[in-house]
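Colleague: Please give me a close reading of the part in which the nonpolar residues gather, and tell me how far the coordinates around it may be relied upon.

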Amino acid sequence: MERPRPFRVDSTDCQPQSPAHMRKLLNSILLAAAVCMAGCNSGCGTLDKGTPDKPSPYGGVTATGEMKTPDRVLYDADFAIATSYSTIRNFVKWELDNRAALASTPGVKKAADRLRAGAKEWFKSAVAVRDAYAANPTAENRSALQKALDVLQQAVLEANRYIVAQPLTPENP
Amino acid sequence: MNALLIASGAISILKAAMEEINAQVQDGKIPVEAQQAQLRKIDAIRAGDFSGPEWEVVPDPVVLPSSTAPDPL
């Protein structure tokens with residue numbers, strides 16, 4: 001049987017190692033990713049306001065020429081949308097590239113197909129409410145944005161759950 | 001072994017996400033260039049690039065039970 005090829009294995013810490021090491025690594029990465037998806041990505045740095053001739057796209061300049069404070073909520077939402085897209089796309093591409101090797105674990109394809117079926121609509125909706133919030137940052141629009149991001153977060157978590165479940169089952173220690 | 005290789009794929013997926021985070025922060029600040037780059041990603045998603053083969057749902061082949069499978073001869 002053809003073995004699945006991990007994509008982007010360009011670093012030694014991505015090479016398969018002992019199950020215990022893998023478990024620790026997976027847990028720590030999943031925890032970090034979950035925290036980031038929950039909104040911590042913002043806690044990792046402040047948004048530069050820029051200069052009057054090159055202002056932050058999340059802030060801008062007032063009519064009187066003062067620099068606006070960048071909208072952290074909008075930046076975080078964009079970050080979550082962009083990261084979710086790349087994560088989900090990488091997952092479905094990885095599943096496609098390794099479909100023959102993954103035939104013995106049909107749950108992976110089922111999860112990937114669910115994401116394929118829903119992704120376009122989920123992202124379309126997320127970007128639409130993102131644009132609505134950007135144009136009119138009310139509490140109501142912020143709440144709608146959070147709900148759309150929750151949908152994306154669930155999609156990312158589903159991908160992670162299926163792909164990570166395989167090495168953590170007792171049958172595959 | 002397959003399981004470990006599959007897991008390494010998962011790690012790569014998550015590692016790419018973490019790299020995106022680290023790449024954006026410089027000296028505790030997210031520069032304007034990184035903010036602009038993020039907006040371009042949203043524009044690309046808004047444009048809706050879901051046309052690649054990785055997005056295509058291919059139905060699973062129907063497997064007939066052996067007792068009802070047609071005789072190949």
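Modeller: Of the 73 residues of chain B, 26% count as buried. This is a predicted model. Chain B comprises two helices and one strand, arranged α-β-α from the N terminus on. One of those helices, helix 2 (32-47) of chain B, gives two or more residues to the largest nonpolar core, alongside helix 2 (72-97), helix 3 (106-135) and helix 4 (139-168) of chain A.

That core has 34 residues, and those with the most contacts inside it are I81(A), I88(A), L115(A), L152(A) and A159(A). Such a grouping may be read against a general tendency: in soluble globular proteins, nonpolar side chains tend to be buried together. The largest share of the core, twelve residues, is supplied by helix 2 of chain A.

I88(A) offers a view of the packing at the level of single residues. Beyond its neighbours within four places in sequence, I88(A) is in contact with L115(A), A119(A), A155(A), V156(A) and A159(A). Among these partners, L115(A) and A159(A) are also listed with the residues that have the most contacts inside the core.

Helix 2 of chain A deserves attention as a whole. Because 19 of its 26 residues are buried, helix 2 of chain A is largely enclosed by the rest of the structure. Its length can be checked as well: at 1.5 Å a residue, the 26 residues should span 38 Å, and the end C-alpha atoms lie 37 Å apart, which agrees.

V73(A), which also belongs to helix 2 of chain A, is not among the buried residues. V73(A) has 18 C-beta neighbours inside 10 Å and therefore counts as partly exposed, since 20 or more are required for a residue to be buried. V73(A) and L145(A) are separated by 72 residues in sequence, yet their C-alpha atoms are 9.6 Å apart in space.

As to reliance on the coordinates, chain A has a mean pLDDT of 78, with 68% of its residues reaching 70 or more. Among the elements of chain A, helix 3 has the highest mean pLDDT, 95, whereas helix 1 (residues 19-37) has the lowest, 50. Over residues 5-25 of chain A pLDDT stays under 50, although the model has 33 contacts beyond four places in sequence for them. Residues 38-43 of chain A likewise stay under 50, and the model has nine such contacts for that stretch. Where pLDDT is low, the predicted coordinates should not be read in detail.

Definitions and conventions:
Residues are numbered from 1 along each chain as its sequence is written. Chains are lettered from A and ligands numbered from 1 in the order in which they are written. This is a predicted model: local features need pLDDT of at least 70, side-chain atom pairs count only at pLDDT 80 or more; totals for chains, interfaces and linings use all residues. A nonpolar core is a set of buried Ala, Val, Leu, Ile, Met, Phe, Trp, Tyr and Cys residues joined through C-beta atoms within 7 Å. A residue is buried if 20 or more other C-beta atoms lie within 10 Å of its own, exposed if 12 or fewer, and partly exposed in between; C-beta atoms are placed from the backbone. Helices (H or I, at least four residues) and strands (E, at least two) are DSSP runs, numbered from the N terminus. Two residues are in contact if their C-beta atoms, placed from the backbone, lie within 7 Å. pLDDT is the predictor's confidence in each residue, from 0 to 100. The expected span of a helix is 1.5 Å times one less than its number of residues.
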